[in-house]
Amino acid sequence: MRAMAVTRTGAHDVEPVELDLPAPGPSEILVRVLACGVCRTDLHVVDGELTNATIPIVPGHEIVGRVERCGDRVTTFVPGARVGIPWLGWSCGDCEFCLAGRENLCRRARYTGYQINGGYAEYTVADARFCFPLPDGYDDGHAAPLLCAGLIGYRAYRMAGSGTRLGLYGFGAAAHVITQVAVHQGREVYAFVSPGDDQAMRFAKDVGATWAGPSNEPPPVPLDSAIIFAPVGRLVPEALSRTTPGGIVVCAGIHMSDIPSFPYRLLWEERVVRSVANLTRKDAEEFLALAADVPLRTHIQVYPLADANRALDDLRAGRLSGAAVLVP
Ligand SMILES: [Zn+2]
Ligand SMILES: [Zn+2]
């Protein structure tokens, strides 16, 4: 089968490779990939900013596919079913975190497109216990961004508390989905984009933001909370400075540049800074049900699998409105 793989650490691109068709283990399914979203985490893997990748690796953890074959112990899917494969590929099930419903923190967890070959390929195998049926209202390409931008974005959104005024820093795939969730739940979204990025400002307004402006300027009102999707550490004190007492700032990415030191008064009055790591299967079930219910409109730009590097470059350069999706 054809795949695009990271073949050395810090390669900064993926290479076309021919791989043997993978065989599913007893708990696994063999899946024909129909679409795979391109996530910022893929960029961190390709650029060598994350150090635990199994190299060589086929990236991609927003996989929409069709089940071709099931291992002996698989009871939840049958051949022909459409399936979604997310970032969390496996967790141990018996550590203190797994037992407490926090499998997202499992020390032995393995991640799709990071330690397990992912969706930049014609086929992949996945542990069926970590895969999900997808809502019918989404075609394959439009469903792909739900699987990370949507559901890890949603975990970050839940961590941001229940305040009305939500700031989002970095307006890409995750923010455009979470804006719709927030608006659906009666909240106001304040979108912060790179100074001068008028296209991102228009995009934010189009999907429902109350206000959009440059990330170095104050919003018209103080925020109850903010989520930082951009991998930029200096946005942490910036976002804190825009929150009301008790405000929450959530760092939603797996990697961020260093956070500069900042005066304690920015954290004072019970403000909170926290990160969000990975996802649990419960997050996925909750979010996919919500996505079916709202429904969300994902904006995608489709690339053939062979053009994965062009998709990664467009994401790196901030040229996308919404999410890049690869189609084999
Ligand atoms: Zn565990
Ligand atoms: Zn992701």
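Trainee: What makes Cys39, His61 and Cys148 the donors of the zinc ion (ligand 2)?

Mentor: In this predicted model, the zinc ion (ligand 2) is coordinated by Cys39 through SG, His61 through NE2 and Cys148 through SG, at 2.0 to 2.2 Å. A donor must be an N, O or S atom within 2.8 Å of the metal, so these atoms qualify. Along the chain their residues are spaced C-x21-H-x86-C.

Trainee: Why can the pair His61 and Cys148 be said to tie together separate parts of the chain?

Mentor: His61 belongs to the loop between helix 1 (40-46) and strand 4 (63-70), and Cys148 to the loop between helix 3 (140-143) and helix 4 (149-159); the pair therefore joins parts that are 87 residues apart in sequence. Both residues are buried.

Trainee: Why is the site of the zinc ion (ligand 1) called tetrahedral?

Mentor: The protein donors there are the SG atoms of Cys92, Cys95, Cys98 and Cys106, lying 2.3 to 2.4 Å from the ion. The angles among the 4 donor atoms run from 106 to 117°. Four donors count as tetrahedral if all angles lie between 85 and 135 degrees, so the site meets the criterion. Its donors follow the spacing C-x2-C-x2-C-x7-C.

Trainee: Why are Cys92 and Cys95 called buried?

Mentor: The relative accessible area is 15% for Cys92 and 18% for Cys95. Buried means under 20%, so the term applies to Cys92 and to Cys95.

Trainee: How do you know that Cys131 is not in a disulfide?

Mentor: The closest cysteine sulfur, in Cys70, is 10 Å from the sulfur of Cys131. A disulfide requires sulfur atoms within 2.5 Å, so this separation is too far for a bond. By that rule the model has 0 disulfides. Cys131 itself is buried, at 6% relative accessibility.

Trainee: What makes the link between Leu240 and Thr243 a polar contact?

Mentor: A polar atom of the Thr243 side chain lies 2.8 Å from the backbone oxygen of Leu240, and the limit is 3.5 Å. Thr243 lies in strand 13 (residues 243-251) and is buried, with a relative accessible area of 5%. Beyond four places in sequence, Thr243 touches Leu223, Val249 and Arg271.

Trainee: Which residues have the most contacts inside the largest nonpolar core?

Mentor: They are Ile29, Tyr120, Phe171, Ile227, Phe287 and Leu296, in a core of 104 residues. Apart from that core lies another, of 15 residues, including Tyr190 and Phe192. Leaving aside neighbours within four places in sequence, the contacts of Phe287 include Leu146, Leu151, Val177 and Leu296.

Definitions and conventions: Residues numbered from 1 in each chain as written. Chains lettered and ligands numbered in written order. Predicted model: local features only at pLDDT ≥ 70, side-chain atom pairs only at ≥ 80, totals over all residues. Heavy atoms only, no water. Core = buried A, V, L, I, M, F, W, Y, C linked by side-chain atoms within 4.5 Å. Buried < 20%, exposed > 50% of the residue type's maximum accessible area, 1.4 Å probe, protein only. Contact = heavy atoms within 4.5 Å. Donors = N, O, S within 2.8 Å, 3.2 Å for Na, K, Ca; no water. Helix = DSSP H or I, 4+ residues; strand = E, 2+ residues; numbered from the N terminus. Polar contact = N/O pair within 3.5 Å; in protein donor to acceptor, adjacent residues only side chain to side chain. Tetrahedral: all angles 85-135°; square planar, octahedral: opposite > 155°, others 65-115°.
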